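Thanks for asking me to look this one over. My notes follow as numbered points, each short enough to check against the structure as you read.

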Amino acid sequence: MTARLLDGRAVADTLLDGVRDEVTAFVAAHGRAPVLATVLVGDDPASATYVRMKANRCAKVGITSRRVELDATVDTAELVRRVTELSDDPGVDGILLQHPVPEHLDERAAFEAITPAKDVDGVTRASFARTAFHEGGYPSATPGGILRLLDAYDIPLAGKHAVILGRSAILGRPLGMLLLGRDATVTYCHSRTDGLTGHVRAADLVVAAVGRPGLVRGEWIKPGAVVVDAGYADNTGDVDFDGAAERASAITPVPGGVGPMTIATLLAQTVEAAWAHEADRGGAAAPVSAVDGKEGR
Ligand code: NAP
């Protein structure tokens, strides 16, 4: 292997160290911990695992997680009602509705019940719009985590050709907006794209976000390109790692690449929301952030 490994676990650990420090400062300022409410619908084992992992990470950095678990038979009206309750609850700083919800539910309606100020997972239309217009807010956690990972390794983006495989509302689409905001030239590919191989071959940065193990072959990668594999199905990414690592200049492993960055970004945005929440109530604003250097949030 010649590529540099983009170690999401290590970068996430560093980010979480900063989050822990911020939580300590927040508790000292406000006498309470930040609170993340997680909503899990149904009994999908993968979703249950993701929610548990997020709650465990919360505990490690001092964020209180409040778990709401709803039966798979819940209807959209009830789900929206429960999410709205959390939006209105002054004791909650951030809300995560675990995606995907069971198919009979209108997931978009449930996402939109999250008030933007608590949308720390960046799933609402309002958050997407702020991402698209480069107006701050909370980007969707996985794209936000990918950007933080690329920045941690000083991967240049301006002027580079980024090819994104996948255009979902929570991953591919907002990632393109973030990369555009960093002056990359962005191409989206999806299930109807003709000539996928040619697009990938032309990319300086390839981000695979599909969920089809081995879709991207090693020989498609332009020598020196950067490869980010966000796909995760059957414990495997979308990219033929061994083949791609022979040609890429840098590549994420699966697991240990994008996944840890997603959770760390969610938690960083939860603390950010907690500071903003208290500032709205007239409390102390955040000091200069230990996480990302932003001020007065
Ligand atoms: P999704 O909503 O199912 O979207 C998949 C996307 O892939 C769609 O845009 C689809 O195109 C496109 N696609 C399907 N077949 C394709 C093909 N042959 N060539 C090119 N594009 C193709 O999935 P998602 O929620 O975005 O998640 C994508 C993957 O990322 C999954 O493996 C998921 O587990 C993983 N993921 C990882 C994390 C993490 O933290 N590591 C977080 C979220 C998701 P159409 O739009 O045309 O249908």
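1. Let's begin with Asp-183, which sits in the loop between α7 and β6. This is a predicted model, and in it the phi of Asp-183 is near 70°, a positive value in a residue other than glycine. That deserves a glance, since most residues other than glycine have a negative phi. Asp-183 comes just after α7. Is Asp-183 buried or exposed? With 53% relative accessibility, Asp-183 counts as exposed, because the cut-off for that class is over 50%.

2. Ala-184 is found in the loop between α7 and β6 as well, but its surroundings deserve their own point. Its relative accessibility is 6%, so Ala-184 counts as buried. Setting aside residues up to four places away in sequence, Ala-184 touches Leu-157, Ala-158, Gly-159, Lys-160, Ala-162 and Leu-179. Take Leu-157 from that list: 27 residues separate it from Ala-184 in sequence, yet their C-alpha atoms are 5.4 Å apart in space.

3. Now the helix that leads into this loop. How many of the 10 residues of α7 are buried? Seven of them are, so helix α7 (residues 172–181) is mostly covered, with buried meaning under 20% relative accessible area. The buried set consists of Gly-172, Pro-174, Leu-175, Gly-176, Met-177, Leu-178 and Leu-179. Their cover includes the helices α5 (125–132) and α6 (141–152), together with the strands β5 (161–165), β6 (185–189) and β7 (205–208).

4. Asn-235 is another residue whose backbone I would look at. Its phi is near 60°, again a positive value in a residue other than glycine. You will find Asn-235 in the loop between β8 (226–229) and α9 (241–245). Asn-235 is exposed, with a relative accessible area of 58%.

5. Two peptide bonds also stand out on the backbone, given that most peptide bonds are trans. The bond joining His-99 and Pro-100 is cis, with omega at about 0°. Pro-100 belongs to the loop between β4 (94–97) and α4 (107–112). The bond from Val-254 to Pro-255 is cis too, and its omega is near 0°. Pro-255 has its place in the loop between β9 (250–251) and α10.

6. The first of those cis pairs has a partner in a helix. Which residues does Ser-47 contact, leaving aside its neighbours within four places in sequence? They are Leu-40, Gln-98, His-99 and Pro-100, so both residues of the cis bond are on that list. Ser-47 itself is found in helix α2 (residues 45–61) and counts as buried at 3% relative accessibility.

7. On to the ligand, which has 21 residues around it. The closest are Arg-167, Ser-168, Ser-191, Tyr-232 and Thr-262. By class, this shell has nine nonpolar, 10 polar and two charged residues. Helix α10 (residues 258–280) gives the largest share of the shell, namely three residues.

8. Some polar contacts can be checked by eye. A polar side-chain atom of Ser-191 is 2.5 Å from an oxygen atom of the ligand. In the case of Thr-262, an N or O atom of the side chain is 2.8 Å from a ligand oxygen. Gly-211 takes part through its backbone, with an N or O atom 3.5 Å from an oxygen atom of the ligand. As for cover, the ligand on its own has 920 Å² of accessible area, and the protein covers 71% of that.

9. Thr-262 turns up again in the contacts of Ala-141, a residue of helix α6. Not counting neighbours within four places in sequence, Ala-141 is in contact with Asp-121, Thr-262, Thr-265 and Leu-266. Ala-141 counts as buried, at 2% relative accessibility. For a contrast with those contacts, the C-alpha atoms of Ala-141 and Ile-63 are separated by 17 Å, and the two residues are 78 apart along the chain.

10. Lastly, the cysteines. How many disulfides does the structure hold? The count is zero. Cys-58 is buried, with a relative accessible area of 1%, and Cys-189 is buried with a relative accessible area of 1%.

Notes: Residues numbered from 1 in each chain as written. Predicted model: local features only at pLDDT ≥ 70, side-chain atom pairs only at ≥ 80, totals over all residues. Heavy atoms only, no water. Near = heavy atom within 4 Å. Polar contact = N/O pair within 3.5 Å; in protein donor to acceptor, adjacent residues only side chain to side chain. Areas by Shrake-Rupley, 256 points an atom, 1.4 Å probe, with all protein chains shown as cover. Helix = DSSP H or I, 4+ residues; strand = E, 2+ residues; numbered from the N terminus. Nonpolar A, V, L, I, M, F, W, Y, C, P; charged D, E, K, R; others polar. Buried < 20%, exposed > 50% of the residue type's maximum accessible area, 1.4 Å probe, protein only. Contact = heavy atoms within 4.5 Å. Disulfide = S-S within 2.5 Å.
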